[in-house]
Amino acid sequence: MRTAFGIGLALAMMASPVMGGPAQERSNVLSAQERAQGWRLLFNGRDLSGWRSFDGSAPAASWVVRDGALMLDKRDGEMRGDDLVTADRYGAFELTLDWKVARGGNSGVLYLARNTTNAPLLYQSGLEMQVLDNAGHADGRIPTHRAGALYDLTVPPTDAARPAGSWNHARLLVERGRIRQWLNGTPTADVSYGDAAWRKRVAGSKFATMPAFGTFSSGVIGLQDHGEPVAFRNIKLRPIAASAIGTRR
């Protein structure tokens, strides 16, 4: 980035170690054990191979790769639909990644999303693990909107996230009928998926008027363009099954 944030972010990334200790000093690589367990890299640390815009077009120019991190180079605060998503769909899976936001930053990791006629925007179908500067963004005052939350659906512990400018480590586990999330090792969500309890949970949220939300058994994984700088690295996925619910849709 050619902003003060971008320079500071790049310096911070070079100065701070990758989370996980000495065994993971290099970013965006798989260990021999991870490869044996079926993990794959979704981001190679060099370019946007395997990623596209949600409408199927090439990634927006605001998504860039610098110093081994995938960054959104925007500061207008506007959500213009330039979300970045995987080219492939995933059903049940385990996902881990590191993220960092600037002061006041807001973004998200979305999953089980599909571009349909009644859901042309990523958040209208995809579940979101919130990425946020809790202290510097207004959403930090809303319990279900804090970093690590299954957005608008669960309340994470208040101390799960690290301060703006720090790397956070996220883990997401989607199994058949169950979704769990962790932030920096702290559980932030554990809910059923695809059953009556899930539908009741959605009905009590802001997504109640979005008919496609949380209905798919598989979908793309997306990084949200919220118009504010955010960086990701070490995006790793382990497929588990083709479907996140009992029957494939």
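Begin by selecting Phe 213 in this predicted model. At 3% relative accessibility, Phe 213 is classed as buried, because the cut-off for a buried residue is under 20% relative accessible area.

**The aromatic residues**

Keep Phe 213 displayed and add its neighbours in the aromatic cluster. One cluster is formed by Tyr 151, Tyr 193, Trp 198, Phe 207 and Phe 213. Over the whole structure, the search for aromatic pairs returns six. One of them consists of Tyr 151 and Phe 207, whose rings meet edge-to-face, with 6.3 Å centre to centre and 65 degrees between the planes. This pair connects distant parts of the chain: Tyr 151 belongs to the loop between β8 (127-132) and β9, Phe 207 belongs to the loop between α3 (196-203) and β12 (220-223), and the two are 56 residues apart. Tyr 151 is buried at a relative accessible area of 11%, and Phe 207 also counts as buried, at 4% relative accessibility.

Next, select Trp 198 together with Phe 213. These two residues form a stacked aromatic pair, 6.4 Å centre to centre with 20 degrees between the planes. Trp 198 is in helix α3 and Phe 213 is in the loop between α3 and β12, so the pair ties together parts that lie 15 residues apart in sequence. Like Phe 213, Trp 198 is buried, with a relative accessible area of 2%.

**Strand β10 and its two partners**

Move now to residues 178-183, which make up strand β10. How enclosed is this strand by the rest of the structure? Five of its six residues are buried, so β10 is largely enclosed.

Add residues 168-175, strand β9, to the selection; β9 and β10 run antiparallel and are joined by six bridges. Within this pairing, Val 174 is positioned opposite Ile 179 of β10. Two residues separate the strands in the hairpin of β9 and β10, where Gly 177 adopts a positive phi near 80 degrees.

Then extend the selection to residues 186-192, strand β11. Six bridges also connect β10 with β11, again in the antiparallel sense. Here Arg 178 has Ser 192 of β11 as its bridge partner. Centre the view on Asn 184, in the loop between β10 and β11. The hairpin of these strands has two residues between them, and Asn 184 takes a positive phi near 55 degrees there. This positive value occurs although Asn 184 is not a glycine.

For a second non-glycine residue with positive phi, select Leu 112, whose phi is near 55 degrees. Leu 112 is part of strand β7 (residues 106-113) and is buried, with a relative accessible area of 0%.

**Charged groups over rings**

Display the side chains of Arg 171 and Trp 182. Arg 171 lies over the face of Trp 182, at 4.0 Å from the ring centre. Then turn to Arg 233 and Trp 167: the charged end of Arg 233 is placed over the ring of Trp 167, 3.9 Å from its centre.

**The cavity**

Keep Arg 171 selected, as it belongs to the lining of the largest cavity. Rolling a probe the size of a water molecule over the atoms shows where empty space is left. How many cavities of 30 Å³ or more does a search of the whole structure find? The search finds one, and the volume of the largest cavity is about 40 Å³.

To display the lining, select Leu 95, Thr 96, Leu 97, Val 109, Met 129, Ala 170, Arg 171 and Leu 172. Strands β6 and β9 each contribute at least two residues to this lining. Classified by residue type, the lining comprises six nonpolar, one polar and one charged residues.

**The end of strand β6**

For the last stop, follow β6, residues 92-101, to Val 101. Val 101 is buried or exposed? With a relative accessible area of 2%, Val 101 is buried. Add Ala 164 to the view: its C-alpha atom is separated from that of Val 101 by 5.6 Å, while the two residues are 63 residues apart along the chain.

Conventions: Residues are numbered from 1 along each chain as its sequence is written. This is a predicted model: local features need pLDDT of at least 70, side-chain atom pairs count only at pLDDT 80 or more; totals for chains, interfaces and linings use all residues. Side-chain values use heavy atoms; hydrogens and water are left out. Buried means under 20% relative accessible area, exposed over 50%, partly exposed in between (1.4 Å probe, protein chains only). Helices (H or I, at least four residues) and strands (E, at least two) are DSSP runs, numbered from the N terminus. Two strands pair if DSSP finds at least two bridges between them. On a 1 Å grid over the protein atoms alone, a cavity is a set of points where a 1.4 Å probe fits but cannot get out, and a pocket is an open set with protein on both sides within 12 Å along at least five of seven lines; lining residues have an atom within 4 Å of a point. Grid points are joined across faces, edges and corners, and a volume is the space filled by probe spheres set on the points. Ala, Val, Leu, Ile, Met, Phe, Trp, Tyr, Cys and Pro count as nonpolar, Asp, Glu, Lys and Arg as charged, and the others, Gly among them, as polar. Rings of Phe, Tyr and Trp (its six-membered ring) pair if their centres lie within 6.5 Å; planes under 30 degrees apart count as stacked, over 60 as edge-to-face and the rest as tilted. A charge sits over a ring if NZ of Lys or CZ of Arg is within 6 Å of the ring centre and within 35 degrees of the ring normal.
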